[in-house]
Amino acid sequence: MAVGEMSGMSFGVAMVCVGAAAWLTGGWESGARRTRLLMAGGEVMGAGPPPWEKALVGWRRLRGRLRVEGWSLVAGLVISVVGASVVPLLLGLAGVPLLGRVRRAAEARRELERRGDAVIGLCGALAGEVRAGRQPGEALLRAARESPGLGEAQAVVLAAARFGGDVPGALTDAARQPGADGLVGLAACWRVAVDRGAGLAAGLDRLEGALRAERDQRADLRAQLAGSRSTAVMLAGLPVLGLLLGTALGADPLHVLLHTGPGLACLLIGGVLEGVGLWWALRIVRGAEAA
């Protein structure tokens, strides 16, 4: 590739980076408005905050705008400028949906855990209210208000408890949400207590203990598998370390990978093998967690 073509490509990639940075920090219009507010008649209006505080505010704003998948695009832009090629930018764009899927899966897992903790808290609070001498309907109303993590079905459960509806049915419907399957046991305890006069508090205590033991078992298994997951991610990052070492030694590996035929072939094959290996290793870890 000629020197003029490489410099033109670098200039184009740099302009894309400038445009992205302007959008991430609030856009061209907000920058112009800030300039007009700070400058009046060619003089600065007020000293303003120190530079380090402005940099900190800008970093927080940028981190708030960018999610995990956004950093993939930023990394692709930076490497495109350094390597004078659009290939890293395309790879960064391709990584946006993949990282977005990973982020959504992590958020769904955290929501599932929060809902499971809410069910355990509901059982404990309901048992305490029943022991305090309140009727089951009133006790459920108070306990459900103190456990807001049940999701959309919380209003149905509260309405059934307030107006004498089918409380076990409402609890069973709420148990269909991911992470709320413990409400099926609560519905069974409610039926046994109301229909046969059994002690509701004792059944709730046993249910809460079982749910806590199951949660602790999952947490212990996840802690044991954390090492395997970290090892897989660390091994996946070794090629990046190799590129950094090659650059430090003056070998210019980015030029070989991005501007030569064998380098592009190695980049393509290595990227596919890297992705498949990481996916397979994490799949084994997830299978162990599910089991």
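1. Let me start with A84, which is buried, at a relative accessible area of 7%. Since this is a predicted model, the backbone here deserves a mention: A84 is not a glycine, yet its phi is positive, about 55°. Most residues other than glycine have a negative phi. As for its place in the chain, A84 sits in the loop between α4 (68–83) and α5 (87–131).

2. There is a second residue to list under the same heading. D252, also a residue other than glycine, has a positive phi near 55°. D252 belongs to the loop between α11 and α12 (253–259). Is D252 buried or exposed? The label is partly exposed, because its relative accessible area of 44% falls between the limits of 20% and 50%. A84, by contrast, is buried because its 7% is under 20%.

3. Now the salt bridges. How many does a search of the whole structure find? The count is 13. Side chains of opposite charge can pair when their charged atoms come close. One of the pairs is R114 with E111, whose side chains meet at 2.7 Å, N to O. Both of these residues lie in helix α5, three residues apart, which is about one turn of the helix. R114 is partly exposed at 47% relative accessibility, and E111 is partly exposed too, with a relative accessible area of 29%.

4. Helix α10 offers another case. E214 and R218 form a salt bridge, with the closest N and O atoms 3.3 Å apart. The two residues are four apart within α10, again about one turn of the helix. The spacing fits a general point: an α-helix has 3.6 residues a turn, so residues three or four places apart point the same way. E214 counts as partly exposed at 39% relative accessibility, and R218 is partly exposed with a relative accessible area of 39%.

5. Two further entries complete my notes on charge. The side chains of D173 and R176 meet in a salt bridge at 3.5 Å, N to O. D173 is partly exposed, with a relative accessible area of 40%, whereas R176 is exposed, at 66%. The label for R176 follows because its 66% is over the limit of 50%. Separately, E129, R134, E138 and R142 are linked in a network of salt bridges.

6. Next, R145, which lies in helix α6 (residues 136–145). R145 counts as partly exposed at 48% relative accessibility. How far apart are R145 and L158 in space, C-alpha to C-alpha? The distance is 8.2 Å, while in sequence they are 13 residues apart.

7. On the nonpolar side, please look at the surface patch made by M234, L235, L238, V240, L241, L244 and L245, which covers about 700 Å². Which helices each supply at least two residues of the patch? They are α10 (200–236) and α11 (238–248). The largest share, five residues, comes from α11; L245 is among the residues placed in that helix.

8. The aromatic entry is brief, as the structure holds one aromatic pair. The rings of W279 and W280 have centres 6.0 Å apart and planes at 50°, so the pair is tilted. For the classification, the angle of 50° is neither under 30 degrees nor over 60, and therefore neither stacked nor edge-to-face applies. In general, a pair of aromatic rings is described by the distance of the centres and the angle of the planes. W279 is partly exposed, with a relative accessible area of 46%, and W280 counts as partly exposed at 46% relative accessibility.

9. Last comes helix α13 (residues 261–290), where a small geometry check is possible. What span should its 30 residues have at 1.5 Å a residue? The expected value is 44 Å, and the end C-alpha atoms are 43 Å apart, which agrees. At the start of α13, a side-chain oxygen of T260 reaches to within 3.2 Å of the backbone nitrogen of G263.

Conventions. Residues are numbered from 1 along each chain as its sequence is written. This is a predicted model: local features need pLDDT of at least 70, side-chain atom pairs count only at pLDDT 80 or more; totals for chains, interfaces and linings use all residues. Side-chain values use heavy atoms; hydrogens and water are left out. The expected span of a helix is 1.5 Å times one less than its number of residues. A polar contact is a pair of N or O atoms within 3.5 Å; within protein, one must be able to donate a hydrogen and the other to accept it, and residues adjacent in sequence count only if both atoms are side-chain atoms. Patches are made of residues with over 30% relative accessible area and no salt bridge: like charges are joined within 9 Å, nonpolar side chains (Val, Leu, Ile, Met, Phe, Trp, Tyr) within 5 Å. Accessible areas come from the Shrake-Rupley method with a 1.4 Å probe; for residues, only the protein chains shown count as cover. A salt bridge is a side-chain nitrogen of Lys or Arg within 4 Å of a carboxyl oxygen of Asp or Glu. Rings of Phe, Tyr and Trp (its six-membered ring) pair if their centres lie within 6.5 Å; planes under 30 degrees apart count as stacked, over 60 as edge-to-face and the rest as tilted. Buried means under 20% relative accessible area, exposed over 50%, partly exposed in between (1.4 Å probe, protein chains only).
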